[in-house]
Amino acid sequence: MSQPALLSESNLSALPPVFADWFAARGWQPHPHQLQMLRAAEAGESALLIAPTGGGKTLAGFLPSLVDLAGGQHTGLHTLYISPLKALAVDIHRNLTRPIEEMGLAIPCETRTGDTPQSKRQRQRRRPPAILMTTPESLALLLSYYDAPQVFAGLKCVVIDELHALAGTKRGDLLALGLARLQTLSPGCRRVGLSATVHDPDWLAAWLSPTADPTGVRRILGRDGAEPVVEILTTKEYLPWSGRMGMHAVAEVYEKIKTAGTTLVFVNTRAQAELVFQELWRLNDDGLAIALHHGSLAVEQRRKVEAAMAAGRLRAVVATSSLDLGIDWAAVDLVVQVGAPKGSARLLQRIGRANHQLDQPSRALLVPANRFEVLECRAALEAVAARSLDGDPPRPGGLDVLSQHILGTACAGPFAADDLYREITRAYPYKSLTRKDFDRTLDFVATGGYALKTYERYRRLGLDAHGLYRVAHIAHVKRYRMNVGTIVEAPVLKIRMRNGRVLGEVEEYFVNGLVPGDTFFFAGQLLCFEGMRDNTVLVSRGKGGEPRVPVYAGGRLPLSTHLAERVRGILENPERWHDLPPAVAEWLRLQRWRSVLPDTAGLLVETFPRGEKEFLVAYCFEGRNAHQTLGMLLTRRMERAGLSPLGFVATDYVIAVWSLKPAEDMAALFDQDMLGDDLEEWMAESSMLRRTFRKVAVIAGLIEARSPGQEKSGRQVTFNADLIYDVLRRHEPDHILLQATRADAAGGLTDIGRLAEMLKRVQGRIEHRRLEKISPLAVPVLLDIGREQVYGSGLDELLDEGAQALIEEATEGMDVGVGQAELPL
């Protein structure tokens, strides 16, 4: 709860004496936005506060509640604080307890997460604290108990921190439904949203509103803080053409850590976190305290790192998005982002982890992993300077989440369908939910739907004599509470040392590829796989070998549309190249000499022969997910055209397809009609839809990952999901879970909406360049073909010994000085 120190008598006079004295004792003044939050509360209005990190957002969110509670008139639960992270709820509790104690206020505040002991959770229902800090999943659980009306009857305020991280996600859908339920239980309850990075304030205000109407929420803006000081590392090493890990620059990152007080080193994936940490540790001749933090580590290990960071005992932490959000570490004075940030809002969020003082600039260093990432980092810097944030457009709430909520509501007691429909449509993500879709979802929860209604286990609700829906059996209540939430990870297994210590979790498919004696990096250690016992991975300390690194499904975010547009703008305008690193500026000049550069409006497609194959490279810049879908569709079209496609590779920036015969008719190949029958046929055959259905089925409660007395293996869950998927496709193809599956696939893994926009934009604007050989801009994507992971110092090199020849081929005839010194790629 950072607060600048400037005393103002007029501002202090707006506070009750005990609060004014507390501010004055520290030489502080309340910010204008903190006082505006007080006025909104006095008027009984919900409020959305958008303020930069270090501006006292959290205190502003709690201040009205503290002032109200200081009067001593309220009993029971007054304020519910909801955080997207358990660690953030714990951190806020620690920071809020301090001023409460210092002012001598008798205001009990507690946390409630999955880590809270059962006895404490039971006591919290009987005697709720005045302020309870929790997560969306724990709120859903609380609402599923019969005594929820009594627990929440006196609720006055709900504070949602880091609102932008929840709205628009399935966790946000679950929370929105929970908020609608709370509004029924406590109609006068206000809502408060806190956020530092907002790309669409109107949408966020509508999401927060109790009526889904943005006009019902007061918007409060905090003043801007000091402009961040952000630099892009111009490496002294050779800048790779390809690769994603940025290992070439870790030594330079280490030098930055040595000169800073405390540094947060952000990376984009858990595998990258393990490798960067290992390399930093190898270089750590100074014995600096450097730690590792990511979501697969054991919770005890993560809490130790967080506590050591808060106490100022660490010089650096290598972290993933597990530390993206508002944990208050004022001592952090440098943020390093290794690898391109993929979005301007994400970058701004991470930069905000440094300093936490409004009037002092945050310092950040971007470390691009390859040449294309230099352009992306430059685009992100320009977007941050322009305060131009990216974000996904609003999407309807998921029917799988709605199914879970309906069952949770029934767990708390009987309900009338008409009443529940009215309540649900007050939640913004479901404001346009039709009665037909609601009734179909309700029927699925009650009976399983047409194809499954003959099975007893899928009949979860029944109608009583009064026309109210009730849970059919207590077993469904137990299953619901064991599986509540929307975070469906890939099947994971615990990693346990010989001494019994649990290090964390890895995905099952990674372990399936190990044999005893194999070594791998995890939790910052080199481990040796010994075998499996009771669904647990047994390991010991490793001693060499060729270590692997667990790679986690879904860990990589695609390039945002907003940054993609800016990257294309840099490419088409040579006047913006003057301050690019020399190697990158030369690379672009060589491309202009050999071919042309992509522009902002159209699509550049290059074709050229190499070896016995024909290559097609399209510079779409629509992100890896959209490019993967495009690759599947292009190869189907090329197969029908007799071009004998052999494969494709997609990056965030381009897609390359290779075949036995050259493609010539680009207008036909990239026609919008590929999103018709071609897409339907591919999606029907794709294993991706099966994977998506598995997640949807788990969220909807059709399949339980955990049952009383047992936890199913990943294979069991997948087998059950595949059986049900086939039954529904055959007998009820319009089942709401298949509908939810297609919607998820379209918006997530396939990114069909983005692909459709691109195909529409480039119609009539496709520039086809037939080349005699590969162009410089195509080199990075071809280096990704057939890549195998290499660990340690060779991580970003290709095993292909012909890689240097590929670069020399692209630059043949140009005076560029590509010599043996440039062999690393």
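**Helix H21 and the loop before it**

Let me begin with helix H21, whose buried residues are covered by, among other things, helix H14 (344–351), helix H15 (371–385), helix H22 (582–594) and helix H29 (752–762). I should say at once that this is a predicted model, and what follows should be heard with that in mind.

The residues of H21 that count as buried are His 562, Leu 563, Ala 564, Val 567, Arg 568, Gly 569, Ile 570 and Leu 571. As a check on the helix itself, its twelve residues, at 1.5 Å a residue, should span 16 Å, and since the C-alpha atoms at its ends lie 17 Å apart, the two values agree.

Moving back along the chain, we come to Gly 542, which sits in the loop that runs between strand S20 (536–541) and helix H21 (561–572). Is this glycine buried or exposed? Its relative accessible area is 17%, and because the cut-off for buried is under 20%, Gly 542 is classed as buried. Once neighbours within four places in sequence are set aside, Gly 542 has contacts with Thr 519, Leu 526, Leu 527 and Cys 528. For Cys 528, the separation from Gly 542 is 14 residues in sequence, while the C-alpha to C-alpha distance is 4.4 Å.

Finally, the chain as a whole: it contains 31 helices and 27 strands, and 59% of its 825 residues are buried. Of the contacts with a separation of 6 or more, 72% are between residues 24 or more positions apart. The accessible surface comes to about 33300 Å², with carbon and sulfur atoms contributing 50% of that area.

Terms used
Residues numbered from 1 in each chain as written. Predicted model: local features only at pLDDT ≥ 70, side-chain atom pairs only at ≥ 80, totals over all residues. Heavy atoms only, no water. Helix = DSSP H or I, 4+ residues; strand = E, 2+ residues; numbered from the N terminus. Buried < 20%, exposed > 50% of the residue type's maximum accessible area, 1.4 Å probe, protein only. Contact = heavy atoms within 4.5 Å. Expected span 1.5 Å × (residues − 1). Areas by Shrake-Rupley, 256 points an atom, 1.4 Å probe, with all protein chains shown as cover.
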